[in-house]
Amino acid sequence: IFPYSVCVSGGVLVTVVYEAEVLDLEGYSVEANGSASGGQTLRAKWNATNTATLSFAGETGSYRVTVIAVDENDGRSNLSFSLNGVPISTTVLDQDIGGPTSPAAFVTIDFGVVDLVAGDELTFSGNVDAGEYARLDLIELMNVGDFDPLPSAGDDSASTDAETPVD
């Protein structure tokens, strides 16, 4: 699975973003959505197991897991995140802030920080409620390990060959 975008700082992987539609899907279908990144979202099916699974192939470390989902105004669907089959977190989409193509309905859900190694399976599950289809747009993994993503100032003094200070 190829990421949508990768951010590297000082040779350290910082953030990897995946379009949800490139994940391994069960139940979920891909639908056009002009407000979504890449123009598509996942849509859960009624009375089905709806999962989108990512096999992690990045660097070992601690990552904050977030998703961009569509929180519609006509139901209370839920999204769950599990790691290697172990449930981590579930959230209910119930903000009533717009329809499935409204940019305002695209919300960020923070599933917390997990430790990942290559081969880990991250699974996102959605259940339909009323007219809300647990739509997913993006998955973001942000490295939160011990590194300084910004360069430090260091020694910025200067001198001439005559070793006199330069202002």
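# Notebook: core, salt bridges, sheet

**Core.** I began with the largest nonpolar core, which has 31 residues; those with the most contacts inside it are L79, L122, F124, L136 and L141. The strands that each put in at least two residues are β2 (12-19), β6 (51-55), β7 (61-70), β8 (78-83), β10 (106-116), β11 (121-127) and β12 (135-143). I checked where the largest share comes from, and that is β10, with five residues. A reminder to myself: this is a predicted model.

I picked L136 from that list and looked up its contacts. Leaving aside neighbours within four places in sequence, I get A20, Y28, T41, L42, V67, I68, A69, L79 and F124. Two of these, L79 and F124, are also on the list of residues with the most contacts inside the core.

**Salt bridges.** How many salt bridges does the rule give? The count comes to five.

I started with E31 and R43, whose closest N and O atoms are 3.8 Å apart. E31 belongs to strand β4 (residues 29-32) and R43 to strand β5 (residues 40-43), so I noted a gap of 12 residues in a pair that links distant parts of the chain. Is E31 buried or exposed? E31 is buried, at a relative accessible area of 16%. R43 comes out as partly exposed, at 27%.

E31 turned up again with R135. That salt bridge has its closest N and O atoms 2.3 Å apart. R135 is in strand β12 and E31 in strand β4, so this pair ties together parts that lie 104 residues apart in sequence. I looked up the accessibility of R135 as well: at 5% it counts as buried, because the cut-off is under 20%. E31, at 16%, falls under that cut-off too.

Next I went to R64 and D110. Their side chains meet in a salt bridge at 2.8 Å, N to O. R64 sits in strand β7 and D110 in strand β10, 46 residues apart, which makes this another link between distant parts of the chain. Both ends are partly exposed: R64 has a relative accessible area of 31%, and D110 has 43%.

Which residues end up in one network? Salt bridges with shared partners join E31, R43, E72 and R135. A general note to go with this: side chains of opposite charge can pair when their charged atoms come close.

**Around β7.** I stayed with the strand that holds R64. β7 is mostly covered, with seven of its 10 residues buried. On the β10 side I found nine bridges, and the two strands run antiparallel. I68 in β7 has T108 as its bridge partner in β10. Toward β12 there are eight bridges, again antiparallel. Here the bridge partner of R64 is M142 in β12. So I have R64 with a bridge partner in β12 and a salt-bridge partner, D110, in β10.

**Open sheet.** I then traced a sheet of five strands. The sheet is open, its order is β3-β6-β11-β8-β9, and the pairing is antiparallel. Which strands stand at the edges? They are β3 (24-26) and β9 (86-92); each has a single partner strand, so one side of each is left without a neighbour in the sheet. The twist averages 15° from one strand to the next.

I looked at one pairing inside this sheet. β6 and β11 run antiparallel and are joined by five bridges. There, A52 stands opposite F124 in β11. F124 is the residue I had already met in the core list and among the contacts of L136.

**P87.** My last lookup was a proline in a strand: P87 is found in β9, one of the edge strands of the open sheet. P87 is exposed, with a relative accessible area of 69%; the cut-off for exposed is over 50%. What does P87 touch, not counting residues up to four places away in sequence? The contacts are F81 and S82. I also took a C-alpha separation, from P87 to T123: the two are 36 residues apart along the chain and 9.1 Å apart in the model.

Technical notes: Residues numbered from 1 in each chain as written. Predicted model: local features only at pLDDT ≥ 70, side-chain atom pairs only at ≥ 80, totals over all residues. Heavy atoms only, no water. Core = buried A, V, L, I, M, F, W, Y, C linked by side-chain atoms within 4.5 Å. Buried < 20%, exposed > 50% of the residue type's maximum accessible area, 1.4 Å probe, protein only. Helix = DSSP H or I, 4+ residues; strand = E, 2+ residues; numbered from the N terminus. Contact = heavy atoms within 4.5 Å. Salt bridge = Lys/Arg side-chain N within 4 Å of Asp/Glu carboxyl O. Pairing = 2+ DSSP bridges. Axes fitted to C-alpha atoms, helices over the stretch in contact; angles between N-to-C directions.
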